[in-house]
Structures are given as structure tokens and as C-alpha cells.
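User: Please take a close look at the aromatic contact in this model. I should then like the account extended to the empty spaces and to the backbone of the loops.

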Amino acid sequence: MSFIIGFIVGFLLVGIPLAILGLCVYIIEAIALFKLAKNANCKYAWLAWIPLFGGYLRTYLISDIAGNKPFVFFDGKINFQKRINSFWIYLGLGIGGGLITTIIAMIPLIGLFLSPIVSLAFSAAIGIMNYVYLKDMLDVFRNDDEKNKTAALIVTILDCLVTVGFARAIYLCTIMKLDPLYVEASDE
């Protein structure tokens, strides 16, 4: 009985506040993405409000305004000519990483040690992709490559280590009044 009471108290003190915080971060980022997409004349700006498609908008539509720019990182060693492929890989890393980590965690003894390593590897890959997406988005709205790289790196590190999306959401709010540097918007 004390376990049930402890669970309920823990849920009320930790679970509900974390859910509210997560919802707040989601809403803040959706507002910023919607405004950035509107500034770029994207007719699909409303996708910012749909969880999965908000990620699609952030990773593909907004960052592709510059004219179907390929997704490139590690100095061109990894290069997707069609940015949509990077979105599917990003989605697969998120969903697949969670499933694989959970399955590995169920293996007696080995799972206890191996699942954190596997989880960290998937998280690092997602963090790297988040950096590239944010940097590319900043390049569309600000014409300062070095500042964009630095800002994207700091925000991504904060998100990965501490803020779990909050730093990116707030940072996007700081640029949401900017117009894209490019005249033509891409709505592919």
C-alpha cells in the first residue's frame, strides 16, 4: 500500500509538473515555428502545431527556404541531397533508438550496462542532427555564418545536457520576427 501512495505522490509532485513543462516548451516552440514559417510565406505553417509534423516543418520546410539546400554535416562526409531523407532518419533515430534501448534494457545483466551506452549513442546522433537543423534555419534568417554556428552549438548543447528543448524554443522566439534572407520561399 505504501508503494501505491508513494507512486501517487511522486506522480503528483514530479510527473504532472514535468508534463506541464513539456507542454509549455512545445507551445513556445510551435508559436516560434509558426511565425517563422509565416514570415517565409510557407503555406504549411500550420504544421507547427501538430507534434510530428511540427518537427517536419522545423527540419525540412523552414531550413529549405534557401532553395532545397542539402543536409550536410561532418564537413560533407554525410550529405543528403534530399533533405526529406534526413527527416526520416531523424524520426527513425528517435523512435527506433527508444525501442532498441528498451529491448536491450530487458536483457538480464548485459542490458543494465549496455542500454545507457546505446541510448547515449542515439541521443548524440539526434543532437548532431538538431545542431545542423538549427544552424541551417539560422542561416535562412541571419547572414552571419560564424555567429549562427556558435549559437546553434550552444543551444544544442544546452538542450542535450540541461534544458530538453527549452533553449531551442526560447532561441527561436528571439528570431521569430526576422524575415528570411531569400526572396523565394520553398513549400515543397
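Analyst: The structure holds one aromatic pair. It is formed by F34 and W49, whose ring centres lie 6.2 Å apart with 50° between the planes, a tilted arrangement. The angle falls in this class because planes under 30 degrees apart count as stacked and those over 60 as edge-to-face, with the rest counted as tilted. The pair links distant parts of the chain: F34 belongs to helix α1, whereas W49 sits in the loop between α1 and α2, and 15 residues separate the two. Neither partner is buried: F34 has a relative accessibility of 28% and counts as partly exposed, and W49, with a relative accessible area of 39%, is also partly exposed.

This description rests on a predicted model, and the confidence values should be read alongside it. The mean pLDDT of the chain is 80, with 83% of its residues at 70 or more. Among the elements of the chain, helix α6, residues 166–175, has the highest mean pLDDT, 88, and strand β1, residues 71–73, the lowest, 66.

The loop that carries W49 is also the place of N41, between α1 (2–39) and α2 (51–61). N41 is not a glycine, yet its phi is positive, at about 60°. Most residues other than glycine have a negative phi. N41 is exposed, with a relative accessible area of 57%. A second residue with a positive phi is L109, again not a glycine, with a value near 65°. L109 is found in the loop between α3 (83–105) and α4 (110–141). Its relative accessibility is 70%, and L109 therefore counts as exposed.

Helix α1, which holds F34, also contributes to the largest pocket. The volume of this pocket is about 790 Å³. Its lining comprises 32 residues, and those nearest the centre are R58, Y90, N130, G165 and R168. Helices α1, α2, α3, α4 and α5 (145–163) each supply at least two lining residues, and the largest share, eight residues, comes from α1. By class, the pocket lining has 19 nonpolar, nine polar and four charged residues.

Besides the pocket, a search of the whole structure finds one cavity of 30 Å³ or more. The largest cavity has a volume of about 40 Å³, and it is lined by N130, Y131, L134, V155, T156, D159 and R168. The elements that give two or more residues to this lining are α4 and α5. The lining of the largest cavity divides into three nonpolar, two polar and two charged residues. N130 and R168 line the cavity and are also among the residues nearest the centre of the largest pocket.

Finally, the cysteines may be considered. A disulfide is a covalent bond between the sulfur atoms of two cysteines. The structure holds zero disulfides. C24 counts as partly exposed at 38% relative accessibility, and C160 as partly exposed at 47%.

Terms used
Residues are numbered from 1 along each chain as its sequence is written. This is a predicted model: local features need pLDDT of at least 70, side-chain atom pairs count only at pLDDT 80 or more; totals for chains, interfaces and linings use all residues. Side-chain values use heavy atoms; hydrogens and water are left out. Helices (H or I, at least four residues) and strands (E, at least two) are DSSP runs, numbered from the N terminus. Buried means under 20% relative accessible area, exposed over 50%, partly exposed in between (1.4 Å probe, protein chains only). On a 1 Å grid over the protein atoms alone, a cavity is a set of points where a 1.4 Å probe fits but cannot get out, and a pocket is an open set with protein on both sides within 12 Å along at least five of seven lines; lining residues have an atom within 4 Å of a point. Grid points are joined across faces, edges and corners, and a volume is the space filled by probe spheres set on the points. Ala, Val, Leu, Ile, Met, Phe, Trp, Tyr, Cys and Pro count as nonpolar, Asp, Glu, Lys and Arg as charged, and the others, Gly among them, as polar. pLDDT is the predictor's confidence in each residue, from 0 to 100. A disulfide is a pair of cysteine sulfur atoms within 2.5 Å. Rings of Phe, Tyr and Trp (its six-membered ring) pair if their centres lie within 6.5 Å; planes under 30 degrees apart count as stacked, over 60 as edge-to-face and the rest as tilted.
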